Amino acid sequence: MIIENTVSVVFMAPFWMALFEEVSDGEYRVAKQNLGTSEPTGGELLVYFRDLDWNTLQYTLPEGDECACTKKINFKRMQRQIKKATVPSTGKYRYTKAHEALKKQHEELKKDRKSLARKKKEMDKKHQFELKQQKKKLKIKGK
């Protein structure tokens, strides 16, 4: 069992985020932590990662990884890939695999919240209707 972890510090306006990516047994998971609005320095990052409780990170649900095996990448190719990832793209949005996983988790949580809110609203409506019916019955009995 091989577990491969990577940490990336990225700027997602207006916050600096730490993305924790994990690949184990062909399954990909990601978690994120907010680092604040100002760009973190090397010393701040060292203190942050030293004091971080790694067990409290909330990872997304595991997804199958199409390429669980990793190859050694040529140094210059890696530099080109990094440069390509950091230069703003011509398209409106550019997401990495980590962003897509976090976005998917966010959408699922949003869907759950909406369904719970809808059920609560229906229950409140039903409760109000029952109260009105009881009030009507009391009025009729009172006459």
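These legends describe several views of one predicted model.

**Figure 1. The whole protein, with its helices and strands.** The protein contains three helices and four strands. Along the sequence these elements follow the pattern β-β-β-α-β-α-α. Of its 143 residues, 16% count as buried. The exposed surface comes to about 12500 Å², and carbon and sulfur atoms supply 57% of this area. Among the contacts with a separation of 6 or more, 47% join residues that are 24 or more positions apart.

**Figure 2. The open sheet.** Four strands make up an open sheet, and their order in it is S1-S2-S3-S4. The pairing is antiparallel. Strand S1 (3-12) and strand S4 (63-64) are the edge strands, since each of them pairs on one side only. In general, the strands of a sheet pair through backbone hydrogen bonds, either parallel or antiparallel.

**Figure 3. Close-up of the pairing between S3 and S4.** Strand S3 covers residues 27-36, and strand S4, an edge strand, covers residues 63-64. The two strands pair in the antiparallel sense over two bridges. For Tyr28, the bridge partner in S4 is Glu63.

**Figure 4. Close-up of Ser24 in strand S2.** Strand S2 runs over residues 15-24, and Ser24 is part of this strand. Ser24 has a relative accessible area of 15%, so this residue counts as buried; the cut-off for buried is under 20%. When neighbours within four places in sequence are left aside, Ser24 is in contact with Ile2 and Ile3. Of these two partners, Ile3 belongs to the edge strand S1 (3-12).

**Figure 5. Close-up of the second largest pocket.** This pocket holds about 170 Å³ of space. Its lining consists of Ala31, Lys32, Gln33, Gln58, Leu102, Gln105, His106 and Leu109. By residue type, the lining divides into three nonpolar, four polar and one charged. The charged residue is Lys32, while the nonpolar ones are Ala31, Leu102 and Leu109.

**Figure 6. The elements around the second largest pocket.** Strand S3 (27-36) and helix H3 (97-142) each supply at least two residues of the lining. The largest share, four residues, comes from H3. Lining residues that lie within the range of H3 include Leu102 and His106. Those within the range of S3 include Ala31 and Gln33. Strand S3 also takes part in the open sheet, where its place in the order is between S2 and S4.

Notes. Residues are numbered from 1 along each chain as its sequence is written. This is a predicted model: local features need pLDDT of at least 70, side-chain atom pairs count only at pLDDT 80 or more; totals for chains, interfaces and linings use all residues. Side-chain values use heavy atoms; hydrogens and water are left out. On a 1 Å grid over the protein atoms alone, a cavity is a set of points where a 1.4 Å probe fits but cannot get out, and a pocket is an open set with protein on both sides within 12 Å along at least five of seven lines; lining residues have an atom within 4 Å of a point. Grid points are joined across faces, edges and corners, and a volume is the space filled by probe spheres set on the points. Two strands pair if DSSP finds at least two bridges between them. Buried means under 20% relative accessible area, exposed over 50%, partly exposed in between (1.4 Å probe, protein chains only). Contact means heavy atoms within 4.5 Å. Accessible areas come from the Shrake-Rupley method with a 1.4 Å probe; for residues, only the protein chains shown count as cover.
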